[in-house]
Amino acid sequence: MMAQLFDEEVMRKQYDIASRRAEREAGRMENMISTAQALINMGAMSLENISLATGLPLEKVEELSKMKS
């Protein structure tokens, strides 16, 4: 019985850690996208440089650029 309680506690902690990690990753992605959108709107950088600066794939930056138009 103690082992089962321990296993449930471990699983709950692992779930919490995974959930927090997913939330952080989603926040990072939102920041990367908003930064890319701001740079696209400024028009001061090429899409390739925006991709490098934000860490987003070039395809995603191109997609964001098309959405702006």
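The largest nonpolar core in this predicted model brings together eight residues: I33, A36, L39, I40, I50, L56, V61 and L64. Two helices, α1 (2-42) and α3 (58-68), each give at least two residues to this core. The largest share, four residues, comes from α1.

**The setting**

To place that core, it helps to look at the chain as a whole. The secondary structure consists of three helices and zero strands, and from the N terminus on the elements run α-α-α. The chain has 69 residues, of which 16% count as buried. Its accessible surface is about 5500 Å², and carbon and sulfur atoms account for 57% of that surface. If you take the contacts between residues at least 6 apart in sequence, 29% of them join residues at least 24 apart.

**Around the core**

Let's start with L56, one of the core residues. Which residues does L56 contact, once its neighbours within four places in sequence are left aside? The partners are M29, M32, I33, A36, S51, V61 and L64. Among them, I33, A36, V61 and L64 are themselves listed in the core.

Next comes L39, another core member, which sits in helix α1. Is L39 buried or exposed? L39 has a relative accessible area of 16%, and because buried means under 20%, L39 counts as buried. Not counting residues up to four places away in sequence, L39 touches A44, M45, I50 and T54. The partner I50 also belongs to the core; L39 and I50 are eleven residues apart in sequence, with their C-alpha atoms 6.9 Å apart in space.

**Two buried serines**

Serines turn up among the buried residues too. S51 is found in helix α2 (residues 47-54) and, at 12% relative accessibility, counts as buried. Beyond its neighbours within four places in sequence, S51 is in contact with L56, P57, L58 and V61. Of these partners, L56 and V61 are core residues, and the contact with S51 also appears in the list for L56.

S65 is the other serine to look at, and its place is in helix α3. With a relative accessible area of 19%, S65 is buried; the cut-off for that word is under 20%. Leaving aside neighbours within four places in sequence, S65 is in contact with I40 and L47. I40 is one of the core residues.

**The two faces of α3**

In α3, the residues V61, L64 and S65 are buried. They cover an arc of only 100° around the axis, so they lie on the same side of α3. What does the face turned away from this buried side carry? That face has the exposed residues E59, K66 and M67. A general point about helices fits here: an α-helix has 3.6 residues a turn, so residues three or four places apart point the same way.

**Charged pairs**

How many salt bridges does a search of the whole structure find? The search finds three. As background, side chains of opposite charge can pair when their charged atoms come close. Here are the pairs, with the closest N to O distance for each.

| Salt bridge | N to O distance |
|---|---|
| R12 and E9 | 3.5 Å |
| E25 and R28 | 3.3 Å |
| K60 and E63 | 3.4 Å |

R12 and E9 both lie in helix α1, three residues apart, which is about one turn of the helix. E25 and R28 are separated by about one helical turn, because they are three residues apart in helix α1. K60 and E63 are three residues apart in helix α3, so about one helical turn separates this pair as well.

How accessible are these charged residues? In the first pair, R12 is partly exposed with a relative accessible area of 47%, and E9 is partly exposed at 35%. In the next pair, E25 counts as partly exposed at 42% relative accessibility, and R28 is partly exposed with a relative accessible area of 45%. In the α3 pair, K60 is partly exposed at 25%, and E63 is partly exposed at 41%.

Definitions and conventions
Residues numbered from 1 in each chain as written. Predicted model: local features only at pLDDT ≥ 70, side-chain atom pairs only at ≥ 80, totals over all residues. Heavy atoms only, no water. Core = buried A, V, L, I, M, F, W, Y, C linked by side-chain atoms within 4.5 Å. Buried < 20%, exposed > 50% of the residue type's maximum accessible area, 1.4 Å probe, protein only. Contact = heavy atoms within 4.5 Å. Salt bridge = Lys/Arg side-chain N within 4 Å of Asp/Glu carboxyl O. Arc of directions from axis to C-beta. Areas by Shrake-Rupley, 256 points an atom, 1.4 Å probe, with all protein chains shown as cover.
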